[in-house]
Amino acid sequence: MATAIGAVERQARERRIFTGMAALVAVTVVGGFGSFALRGYVDVATVPWWVHVHALSLLAWTLLFLAQALLVAQRRTDLHRQLGWVAAGLACFLIPWGIATSILAVQMGRVPPFFPPGIFLVLGPLDMLAFGTLTLAAILLRRRSDWHKRLILCGTIAMMEPAFGRILPMPLLGPWAGTCATLMQLLYVRIAMRADAGLRGAVHPAYRWGLAVIAGRLLLVELLGRTAIVVGAAAALAAG
């Protein structure tokens, strides 16, 4: 009986942890972009329509991610599974649209001044690749809930770099701007890992994979974004 009660309590705590992480992600994304707009850094009327679509799709994913965590917390796993396929469809839209948005931003001269064009050109696509890799793994492992929810969390964190870019003083960070944003992503994974260790006595391997993918994305951005081929491609795009 004591073991059964312990298992039930652990499951309840785990649901609270994942709901808390989903809420933290949502507050960061909504707060980051919202505060950026409220501070007058965004002229909504001049933002291209494809950027609005990209922003709305990211917001939709974030809110759906939070809703899914709340449904599990309320034990509505039936509705959670149904919405899961909606989320999968949204992910299939997010990835190519996010890649296209990055390419169009370079082409139209909308690269933030603290990012070299080559770095920015590969940043968005690699963000989407990291998100897609972890999300696909989560879908394939959907029957193993311990892996599924942790990979989904890591996948969502993997595309939070733009949100942290609105919170951190990026212009003051110079060439370290992108690295600092990624370190914030890794910090969020570490928060989840610490909670996991406190709950289970060990960190689930899914988090190690998530950490590796996000850190690997940073290395690839720095390596590829400074190559002559990528720098040349960014220059060609910007030249029209």
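This passage goes through the pockets and a nonpolar surface patch of a predicted model, then looks at one proline.

Start with the empty space. Rolling a probe the size of a water molecule over the atoms shows where such space is left. Here the largest pocket comes out at a volume of about 1,400 Å³. Its lining runs to 47 residues, and the ones closest to the pocket centre are Phe 33, Phe 36, Val 51, Pro 162 and Arg 166. Quite a few helices chip in: helix 1 (2-38), helix 2 (49-73), helix 3 (77-107), helix 4 (117-140), helix 6 (161-167) and helix 7 (170-173) each put at least two residues into the lining of the largest pocket. Helix 2 gives the most, with eight residues. Sorted by class, that lining has 32 nonpolar residues, along with nine polar and six charged ones.

Next comes the second largest pocket, which holds about 1,100 Å³ of space. For this one, 35 residues make up the lining, and Val 72, His 80, Ser 145, His 148 and Lys 149 sit closest to the centre. Two or more lining residues come from each of helix 1, helix 2, helix 3, helix 4, helix 5 (145-158) and helix 8 (177-200). In the second largest pocket, helix 3 takes the largest share, at eight residues. The class split of this lining is 14 nonpolar, ten polar and eleven charged.

Out on the surface, Val 30, Leu 56, Leu 59 and Leu 63 make a nonpolar patch of about 340 Å². Helix 2 shows up again here, as the source of the patch's largest share, three residues. Val 30, for its part, lies in helix 1. Val 30 has a relative accessibility of 40%, so it counts as partly exposed; the bracket for that class runs from 20% to 50%.

Finally, there is Pro 96, which has its place in helix 3. Pro 96 also counts as partly exposed, because its relative accessibility is 46%. How far is the C-alpha atom of Pro 96 from that of Arg 143? The two residues are 47 apart along the chain, and their C-alpha atoms are separated by 27 Å.

Notes. Residues numbered from 1 in each chain as written. Predicted model: local features only at pLDDT ≥ 70, side-chain atom pairs only at ≥ 80, totals over all residues. Heavy atoms only, no water. 1 Å grid on protein atoms, 1.4 Å probe; cavity = no way out; pocket = protein on both sides within 12 Å on 5 of 7 lines; lining within 4 Å. Points joined across faces, edges and corners; volume = space filled by probe spheres on them. Helix = DSSP H or I, 4+ residues; strand = E, 2+ residues; numbered from the N terminus. Nonpolar A, V, L, I, M, F, W, Y, C, P; charged D, E, K, R; others polar. Patch = residues over 30% accessible without salt bridge, like charges linked within 9 Å, V, L, I, M, F, W, Y side chains within 5 Å. Areas by Shrake-Rupley, 256 points an atom, 1.4 Å probe, with all protein chains shown as cover. Salt bridge = Lys/Arg side-chain N within 4 Å of Asp/Glu carboxyl O. Buried < 20%, exposed > 50% of the residue type's maximum accessible area, 1.4 Å probe, protein only.
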